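Subject: Handing over the two-chain model

Hi there,

Here is the structure I promised to pass on to you. Please open it alongside this email and keep it in view while you read.

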Amino acid sequence: MKRMLSIAVVAMMIAACGGGTTTSTAPSTGASAPASAEASASASAAASESAAPQLCKAASPAEATFTFWTFVDRHATWWQKRADEWNAANPDKQVTLNCSVIAYQQMHDNLAAAFTAGSGAPNIVDIEIGKFANFTKGTIHLADMTAEVQPYVKDLVATRLAPYQADGKQYAVDYHLGAVLAYYNKDILDAAKVDPASIKTWDDYIAAGKKVQEAKSDVAFAAVDINGVIPIRSLMLEAGGGVYDQGGNLIMNSEANVKALQLASKMVNDDKIAIPAPGGNNGQPDFFAAMQAGKVASVWMPQWYMTRFPDNMDSLCGHMVIEPMPTFAGSSNTTTMQGGTGTAVTDQTPADKVQLAKDFVTWAKLTKEGQTSIWTDLGFDPYRNDVYDDPALKKPDPCFSNQITFDIIKSELSGVAPEYTGPAYPQAQDYMANTLINDVIVNKVDPKEALDTAQQTIESQQ
Amino acid sequence: MQRARSFVFGSKLAPYVFVAPFLIIFIAFRVVPTIYAGLISLDKFQGTDDLGFVGLQNYQKVFSNPALGKAFNNTLFYTLGTLLILIPIPLLLAVLLDSGRVVKETVFRVALFLPALTSLVVVSVIFRIVLSKDGLLNVGLAEAGLPSNAWLESASLAVPSMIIVAAWRWTGVNIIYFSSGLVNVPRDLYEAAAIDGASAWRTFRSITLPMIQPTVLFVLVLSIIGGFQLFVEPYLLWPFGNSPGNGGLSVALLIYRTAFNNFNFGQASAIGVLLALLILIVSIIQFRLFGGRRFER
């Protein structure tokens, strides 16, 4: 009796520990999709896989079932919506998506392992721009989408396709443009009698900064990330530089980059209108607290940074205003693009389904409806020109003083400086975050010297 | 059937049968990957493609990376720092708790041990907030009239920040180790010392310390190996492990970054081999220096 009882207890313990992920392939109803999206995609710092097949519903009868990996819950929900719309429009070519939302680093690690092993990779996958170049080194395990993207190119801001190309072929398509904007705390600028719309160049920006800091001594006009790369890299790209050039050469120590870093160093160390971002970068709780307390008056970040205000700094809603990114005097670049995630089709998709996958992915993202829903459903800036006149993009934003965001972005579209990626792009990004920016801004190393060291160090590791 | 059973469970074969599961797992998941890593440290990788043998090229490239020296420096300072704090203090606390002079000493034991039970991820996330400029630590220092610091934003304070986290976390564990060593010290030695009029300090120096020497060695070895394998704290205290000026970069984090950020698997394996050699050498030295001594009985 005792023996049976102990065996039963052990069996129950094993069952309790071993349970967890369901491995259903195509659940028939997805009524609980939103709830399970919240439950399963908790976006915690821990690297954990949450397989959530109930996020995506089955189509019946399905022509193909595709597994999809992403690291953002909102993306998964968006893809399900697009899959439904595809199925409605293509009754003879229905698709079913099985979505998994996996934490950022873990997902890319898993993808690399799956490619090395030759199995276990999803059919469709989101790859973040900072990691993308790793997957175009050596054998490329992604499907070539050049032909599928071609018909859409004339309607797109074509430079947005650049980061996801290798050897002239297109391997992924992005969600958004990521145009860089300047965000100003209207109250602080009004009190100093500075009109944000009058700030056109970086010289104007510095002058405005001095005026604001004179009016109120405990305010820093701007904050620059030290262990984040976006503000500094935006300057580099807008100046005409960046990490790579169009020809695939590493250009860390180019003239343009030197000019950009000199400007950043000048703003922090000479003119003293900018401080290192509290907490190290503008995604940290320290920074949000400082911004909300009115200790920092402005930042320059991509359009997607807008969501940080209602999400993390909601007391500033109604007090913020967006303007175009300041420019370098005499340059035709009005802004640049930062961040991004490309969706690709992998070579572990059955050969007879690859065409369908590619058609679906490009249709979902690059059509007018797709690009419009990038804004309405995901809150990102589209990169298709005809979408900018759609009424959905003309709604005033209450968080940002009822401005129409896209009118501002549209005014920048004439000179969006492109960003190119290459094999050392992830490494360069890390180097900037842990060494270069710290050297130039905090340790006041001469920008040319720091960039020469960067170029040398990164090249020697290839 | 009976003959098969008695063969398998007979005294000749039985030991191997019982050890086999552990051995298989150990060989498959420890020995084979170690040998494989050693082999691929000599290969050139392009992405996930192994392009073949290139001799010591990976080692050359690794040595020319300034981050390598920084990583080893940081790891060594971190290990030294944790040794200086996490051996004497838990030892003294364990002696105090064991002395019977503390009222409700179980409460203290539990309270000191609780940090070790928390998930390292949770600890790092919380300490990111505690160590921020307006965080708990700076507030506490300000109350005590001491200057506050930018713990996580300064290159020179990165290792001290990690040592603070380690001190909070591992004190309790080391107290447990030392306590179990202290429990094995025969009580009559203490009685004899008391009769001879020895002071508390003399008793500690001449009886306690020599008697728990094996325990101290054990804790020392564990702490050194743990220190060299430092990864989670630097990875989570800073976004993607990028500490300012690489002030918090550890060797294990450099290996991870080289492999999974830069996709340089050959170079990452080379750094891994170097770390393994370092730990091996240090362990051999430790055992030669401390393991050979025998105490008087």
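Below is what turned up, beginning with the model itself and ending with a few individual residues.

This is a predicted model, in which local features need pLDDT of at least 70 and side-chain atom pairs count only at pLDDT 80 or more, while totals for chains, interfaces and linings use all residues. Residues are numbered from 1 along each chain as its sequence is written, and chains are lettered from A and ligands numbered from 1 in the order in which they are written.

The model has an ipTM of 0.81 and a pTM of 0.82. For chain B, the mean pLDDT (the predictor's confidence in each residue, from 0 to 100) is 88, and 96% of the residues score at least 70. Among the elements of chain B, helix α4 (residues 66-86) has the highest mean, 94, and helix α1 (residues 2-8) the lowest, 69. Where pLDDT is low, the predicted coordinates should not be read in detail.

Now to chain B as a whole. It holds 15 helices and two strands; these are DSSP runs numbered from the N terminus, with helices being H or I of at least four residues and strands E of at least two. The C-alpha trace of chain B spans about 75 × 75 × 35 Å along its principal axes. Of its 297 residues, 32% count as buried, that is, with 20 or more other C-beta atoms within 10 Å of their own (exposed means 12 or fewer, partly exposed in between, with C-beta atoms placed from the backbone).

Two helices of chain B are worth a look. In α7 (residues 120-130), the residues B:V123, B:F127, B:R128 and B:V130 are buried. They sit on the same side of α7(B) because they cover an arc of only 160° around the axis, the arc being that of the directions from the helix axis to the C-beta atoms. Among the elements covering them are α8 (136-143), α9 (158-183) and α13 (232-237) of chain B.

In α5 (residues 88-98) of chain B, the buried residues are B:P90, B:L91, B:L93 and B:A94. These fall within an arc of 165° seen down the axis, so they line one face of the helix. They pack against α4 and α9 of chain B. After α5(B) comes B:G100, with a positive phi near 85°.

How do the chains meet? The contact takes 31 residues from chain B and 29 residues from chain A, where two residues are in contact if their C-beta atoms, placed from the backbone, lie within 7 Å. On the side of chain B that touches chain A, α7(B) gives the most, with three residues.

Chain A is assigned domain 1 (32-176 + 340-394) and domain 2 (180-336 + 424-460); such bounds come from an automatic or database domain assignment. Their centres, taken over C-alpha atoms, are 30 Å apart. Eight residues of domain 1 are in contact with six residues of domain 2.

Finally, two loop residues of chain A. Most residues other than glycine have a negative phi. A:S401, not a glycine, has a positive phi of about 50° and lies in the loop between α14 (368-378) and α15 (405-412) of chain A. A:K444 is not a glycine either, and its phi is positive at about 55°; its loop runs between α16 (425-442) and α17 (447-460) of chain A.

Best wishes
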